[in-house]
Amino acid sequence: MAEVSGSPAQPNQWRPYSVKCEGVYNYSEEFKVTEDVRRDFEDYGYIILKGLLDKEELSLIETTIKGPSFTENIYGDVEYGKKTDKVLWKHPGNDITGMLARSEKVAGVTEQLLGGEVYHYHTKLMLKEGGRGARHVWHQDYGYWYRNGCLFPDMLTVFIPLDYCRRENSCLQLLRGSHKCGRIEHKPLGEQNGCDVDRVKEIMDVCPHQFMEMDPGDAIFFHCNIIHSSSDNDSDKRRWAFLTAYNKATNNPTKEHHHPQYTPLEKVPNSAIKTCKNFTDMTGKIFVDPARDLTYKGNFMNENKS
Ligand SMILES: O=C(O)CCC(=O)C(=O)O
Ligand SMILES: [Fe+2]
């Protein structure tokens with residue numbers, strides 16, 4: 001069984017955000033996706049909901065993903081001389097991580113941002129241990145998902161840091177508004193596929209490069225065409241994050257591939273995250289190990305790790 005190391009960073013180890021960005025909202029149970037919120041998502045390509053998860057929810061999630069059901073599904077991707085531990089699954093399931101992905105504050109908000117019913121395209125834990133986690137070159141998630149037969153860029157990712165994310169421990173970086181450029185050509189860049197480098201340089205002149213520093217439990221909902229990256233985690237602090245991707249129900253992929261076709265998502269109230277007592281039964285999630293699972297041989301997984 002794979003080992004997970006590290007522990008959550010403590011608040012007093014971290015300076016406050018250095019960057020003020022647009023599209024940031026404080027989350028409370030009264031939060032509504034208003035016209036302003038939707039406009040921010042359309043203009044900037046993302047919104048941040050600060051404090052989407054409280055300490056109790058974070059702690060329940062941390063306990064769950066440190067359990068054997070998750071740790072035995074860790075696979076390590078070696079990229080650029082570093083190794084990021086990942087856990088990837090297809091369907092939300094009925095444990096607390098499933099409740100999170102099916103909750104109104106995650107799936108429901110996503111539906112309002114994308115303007116219609118969505119389904120779970122996958123969830124991924126990105127466990128970037130201190131000194132070990134690998135960078136992500138500039139890319140668009142739709143740069144990969146396009147190749148999976150998703151005809152429209154009607155998709156987004158919700159990235160929820162489980163640790164303090166600062167520049168030094170590999171916070172997400174993005175080019176604000178770059179989703180409006182449409183899909184950029186992706187080419188192999190070492191072990192990953194990334195956006196055409198010259199094109200990214202040009203886009204950087206017009207779309208501000210932002211370091212999305214966030215605290216544990218904040219969430220960024222970002223459009224699948226936003227150009228984003230993260231650095232190696234050269235710090236001594238771990239950077240764990242929970243990433244759930246959604247696809248619109250009307251955008252059923254034309255190819256069967258390593259992420260699911262349209263599968264109705266049963267939403268649950270936010271309270272289900274705390275009341276969920278299932279920490280062990282992962283029935284229905286279907287964990288994926290791209291390195292070991294021979295059924296993935298010959299598909300797009302090697303070029304497309306997202
Ligand atoms: O975890 C990160 O730093 C970025 C991950 C990402 O963008 C992806 O997996 O597509
Ligand atoms: Fe990505």
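**Close-up views of a predicted model**

**Figure 1. Overview of the chain in the predicted model.** Of the 306 residues in the chain, 44% are buried. The secondary structure of this predicted model comprises eight helices and 15 strands. Among the contacts in the chain with a separation of 6 or more, 87% are accounted for by residues that lie 24 or more positions apart.

**Figure 2. Helix α5 and the elements that cover its buried residues.** Helix α5 spans residues 104-114, and within this helix the buried residues are Val-106, Ala-107, Val-109, Thr-110, Leu-113 and Leu-114. When α5 is seen down its axis, these buried residues fall within an arc of 165°, so they line one face of the helix. The cover over the buried residues of α5 includes the helices α1 (35-44) and α4 (96-102), and it also includes the strands β5 (118-128), β7 (155-161), β12 (219-223) and β14 (239-248). Just after α5 comes Gly-115, a residue whose phi is positive, at about 75°.

**Figure 3. The open sheet formed by β6, β13, β8 and β11.** Four strands make up this open sheet, in which the order is β6-β13-β8-β11 and the pairing is antiparallel. At the edges of the sheet are β6 (136-139) and β11 (209-212), each of which pairs on one side only. From one strand to the next, the twist averages 20°.

**Figure 4. The pairing of β6 with β13.** Strand β13, made up of residues 228-230, runs antiparallel to β6, and the two strands are joined by two bridges. In this view, His-139 stands opposite His-228, the latter residue belonging to β13. The partner strand β6 covers residues 136-139 and is an edge strand of the sheet.

**Figure 5. The surroundings of Glu-79 in strand β3.** Glu-79 is found in β3, a strand that covers residues 75-79. Because 18 other C-beta atoms lie within 10 Å, Glu-79 is classed as partly exposed, the cut-off for a buried residue being 20 or more such atoms and that for an exposed residue 12 or fewer. When neighbours within four places in sequence are left aside, the residues in contact with Glu-79 are Thr-84, Ala-134, Gly-190, Glu-191 and Gln-192. For one of these contacts, that with Gln-192, the two residues are 113 residues apart in sequence, whereas the distance in space between Glu-79 and Gln-192 is 7.5 Å from C-alpha to C-alpha.

Notes:
Residues numbered from 1 in each chain as written. Chains lettered and ligands numbered in written order. Predicted model: local features only at pLDDT ≥ 70, side-chain atom pairs only at ≥ 80, totals over all residues. Buried ≥ 20, exposed ≤ 12 C-beta atoms within 10 Å, placed from the backbone. Contact = placed C-beta atoms within 7 Å. Pairing = 2+ DSSP bridges. Axes fitted to C-alpha atoms, helices over the stretch in contact; angles between N-to-C directions. Arc of directions from axis to C-beta.
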